[in-house]
Structure formats: C-alpha cells, structure tokens
Amino acid sequence: MIPRYQRVILIVLLAASLAMAGILWHLRQRAHQRLLAGEDSAPTQAPEVAPAEQATLVAASDADGSLLAQDRSLPLPADPGARARVLLGKLLDLYAAPDAAHPVPGGAPGIAQVFLLPAPGPKDPQTPDAELAVVNLTGAFAASHPSGIETESLTVLSICATLRANLPRVTQVRFLVDGQPRPTLAGHADLTRTYLTADAVPTGGTTP
Amino acid sequence: MRWIERALACAALAALPAAAQQSPAAPSAHFVVVLDAAHGGTDPGGRLAGGQAEKAATLALSVRLRSLLAARGIAVVTTRESDTTLDPNSRAAIANHAKAQVCLSLHVSESGSGVHLFVSSLAPAQSSLFLPWKTAQAALVTRSLALAGALNASLQHAGLNVTLGRTSLPGLDSMTCPAVAVELAPERAQDGTVTAEPDDADYRAKAAAALAAAVLEFRLEPRQP
C-alpha cells in the first residue's frame with residue numbers, strides 16, 4: 001500500500017511536469033513567431049538610395065573583340081566619383097555572369113574606388129574642365145583576371161568607354177591595383193600608361 | 001708548283017663553310033625577322049586548358065616559325081631559345097639591335113577565338129634620329145599596320161578566324177621595327193565549342209605556316225618612306 005503522502009507528492013510532480021511542458025511549448029511557439037516576423041522584415045531588394053537613371057554600359061565581347069553599348073536603367077548616386085564606381089561595378093557584374101560574352105570573375109567588388117581629378121597637361125579649349133579618372137582595382141580582381149592580350153585590353157577599354165559614355169568630362173583614365181601602380185593587368189595590358197577615353201569607342205550598341 | 005696546289009686546296013677547304021652559308025637555305029643578311037616568344041622563366045604567362053603554361057606554348061610557336069623562316073632564307077633573331085626570364089625592355093633592346101624589318105611578339109591565350117593581331121595603340125609620329133624609349137614604336141606604327149594587314153590576309157587565306165586590334169603592350173611600344181603582337185587563341189566552331197586548342201600541334205603548325213607566308217609576302221612589299 002502506497003502511503004498517502006507519496007501519492008500526493010507524485011500527483012504534485014506530475015502536475016508540475018505538465019505545467020512546465022505547457023510553458024515550454026508556449027515559449028517555443030513565441031520564439032517561432034518572432035523568427036518568422038524577423039524574416040518578413042528582411043529586405044528582399046537592395047534599397048534604392050537614388051532614383052533610377054538611364055546609363056550606358058559598354059560591354060566587351062571576346063568572340064569578335066568588340067565593344068557594345070547597352071542602355072540600362074540604374075539607381076545612381078549624385079556624386080560623380082561614387083557614380084563612376086557604381087557604373088563600373090555594374091559593368092564587372094555583367095562580366096561575372098555565368099553566360100558572359102567576356103567572362104571575368106569577381107564582379108562589382110573588383111572596383112575598390114574611383115577618384116576624379118582635374119586632367120593634367122595643357123588645357124583643351126573644347127574641354128576646359130576635363131577630368132582624369134583613377135580607377136583602383138582590387139588585387140583579387142587582377143589576380144583572377146584571365147591572361148591574354150585581347151581579354152585584358154577589352155577589360156581596360158570597356159572601362160574607359162563606360163566612363164566616357166556616362167561622364168563625358170572624363171578624358172583620361174589611369175589604373176591602380178590595391179592603391180599601387182602595377183605593370184600589367186594580368187601579364188599583358190599595360191597599366192602604367194594613361195588611357196585616353198577618346199580611343200575607346202564602342203563598335204556597336206544594343207538595348208536589352 | 002706543288003705548294004700552289006696545296007694553297008688552292010686549303011683555300012677551297014676554307015671556302016666550304018662560307019659556300020654552305022650562301023646556300024638557298026641560308027638566311028639573308030638584308031631582311032631580319034625578330035621572334036619574341038612572350039613570357040618565360042619566372043613569368044609563366046597564362047595557362048591553357050590542357051595545363052600548359054603560355055611561356056612553353058609561345059616558345060614552341062617561336063621555334064616552329066623560326067624553322068619555317070630560316071628554311072626560306074630569312075635571317076631570324078629570337079629573344080629567347082629556352083625557359084629564361086626576360087623583361088620587356090630587354091626584348092625591345094634585342095629587336096632594336098637586330099635592326100629588324102619584322103618583329104613578331106608571340107602570345108597564346110585561352111580567351112577568344114582564332115588569331116588576334118595587335119598593333120601598338122600609339123598615335124603615328126614622325127621618325128627622327130632619337131626616339132623616346134617608351135614610345136619609339138610611334139614612328140613605325142604605319143608600317144606595323146601594313147604588316148598586320150599582310151598577316152591578316154595570310155591567316156584568313158589559311159582559313160583562320162582573325163581579330164585585329166590596337167593595344168598598349170610593354171616592350172612592343174619600344175620596338176623600332178614594324179611590330180605586331182600575335183596571340184593564338186583556341187579555334188572555335190560557330191556555336192563557340194573549341195575545335196582546336198593552341199597547344200594542338202597541327203593547329204600551331206597551320207598558324208605558323210600562315211605567319212611565315214605573310215612575312216615572305218611582306219618582304220616583297222615596297223617600303224614606305
């Protein structure tokens with residue numbers, strides 16, 4: 001025969017266990033609801049800090065060595081330097097796509113900074129406010145760039161042509177890698193010289 | 001009179017090597033071609049799909065082309081004959097000392113298709129006694145474009161896809177000879193599939209034969225002032 005006090009303790013413990021199980025299940029449900037609410041509030045699109053504008057990306061094609069102008073609607077910042085960086089980032093994103101006509105891995109993070117400075121040398125009366133763009137590429141981008149005269153030249157020329165198409169005041173372009181001068185991009189294209197944007201002219205254009 | 005016969009015999013023996021050098025296969029002293037196999041030594045260049053380094057593929061192409069040109073009596077100077085490191089200035093110095101009529105910088109790439117021909121992007125300039133080292137090629141750009149035209153015609157005649165372009169290439173811009181950078185890329189079908197890699201012996205031989213034919217054609221062209 002089980003003593004009475006033991007039965008009382010057993011019933012109390014059983015009731016306490018059931019109560020704790022109920023509280024735990026309730027807390028779990030609340031945590032689950034909180035998690036779902038957090039997911040719902042996560043952004044599904046990149047926040048647009050500026051209104052979309054028409055921009056031209058001059059993309060290269062390895063098949064025929066051409067430069068093709070593509071019109072895009074992109075949110076662009078007002079500051080010219082930041083605008084140039086966003087544009088070149090979008091250009092490199094095109095090259096990082098799986099079916100790119102000019103495949104180069106890395107994408108937008110390959111552009112570290114773009115600085116716009118007054119163009120050195122004698123002033124041209126037609127472009128008195130001409131600017132020099134200094135494009136600082138990342139070392140990772142240069143290290144992963146395919147090696148070859150054509151592929152490297154097309155990358156350099158498409159950057160120059162994209163800057164010219166969107167920032168007409170940029171007449172000269174120089175390149176740095178991780179903030180330092182570098183002889184070549186990936187063994188071929190000369191990065192020590194100043195490129196004239198007038199030499200980088202698209203051979204055609206398409207509007208996607 | 002025996003001593004006269006001995007002297008004549010000695011003279012004939014001494015003349016034998018000279019006679020051999022003047023055989024039809026001997027190089028001409030008037031038309032010099034410089035072949036610059038790009039990269040080498042500690043600079044491997046790019047890497048082909050089969051794993052071969054660009055420096056090895058360019059050297060193989062240079063050796064092949066040198067043989068074809070030498071067999072046609074053209075004097076050939078190569079910037080390297082083995083896996084040695086050479087900086088762009090040394091390559092230009094070798095070409096300039098050779099006083100060459102044709103300079104070909106040989107490259108190989110896995111990007112693009114067919115054969116890419118590049119001439120210096122420097123604007124044409126008047127030739128003078130002293131030329132700036134970094135832009136010496138500017139005085140020869142017009143001749144370089146003519147050379148690229150001859151190479152283009154020959155390569156297309158051989159059934160190869162050719163892309164022409166201008167570029168700024170270290171070394172090439174300092175050469176004081178008609179200079180073209182030749183980049184051999186994979187041969188591709190219309191749908192983009194590779195039909196021959198640059199390290200394919202037959203493909204390389206076909207390209208080398210077309211380049212040699214173009215150099216022979218260019219030798220016959222009247223020189224511009």
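**Chatting through a two-chain model**

Modeller: Quick heads-up, this is a predicted model. In it, 20 residues of chain B are in contact with 19 residues of chain A.

Colleague: Cool. Which strands of chain B supply at least two residues each to the side that touches chain A?

Modeller: That would be β4 (115-120), β5 (162-167) and β6 (179-184) of chain B. The largest share comes from β5(B), with three residues.

Colleague: And how do the residues on that side of chain B divide into nonpolar, polar and charged?

Modeller: Four are nonpolar, 13 are polar and three are charged.

Colleague: OK, switching to chain A. What's the strand order in its open sheet of four strands?

Modeller: The order is β3-β4-β5-β6, and the pairing is mixed. The edges are β3 (111-118) and β6 (195-196) of chain A, each of which pairs on one side only.

Colleague: What holds paired strands together, by the way?

Modeller: Strands of a sheet pair through backbone hydrogen bonds, and they can be parallel or antiparallel.

Colleague: So for β4 and β5 of chain A, is it parallel or antiparallel?

Modeller: Parallel, over seven bridges, with β4(A) covering residues 131-137 and β5(A) covering residues 170-177. To find your way there, look for A:V135, which stands opposite A:F175 in β5(A).

Colleague: Nice. Which strands does helix α4 of chain A touch?

Modeller: Helix α4(A), residues 149-166, packs on the sheet and touches β4, β5 and β6 of chain A. Its direction makes about 140 degrees with that of β5(A).

Colleague: And where does α2 of chain A lie?

Modeller: Helix α2(A), residues 80-96, lies across β3 and β4 of chain A, running at about 140 degrees to β3(A).

Conventions:
Residues numbered from 1 in each chain as written. Chains lettered and ligands numbered in written order. Predicted model: local features only at pLDDT ≥ 70, side-chain atom pairs only at ≥ 80, totals over all residues. Contact = placed C-beta atoms within 7 Å. Nonpolar A, V, L, I, M, F, W, Y, C, P; charged D, E, K, R; others polar. Pairing = 2+ DSSP bridges. Axes fitted to C-alpha atoms, helices over the stretch in contact; angles between N-to-C directions.
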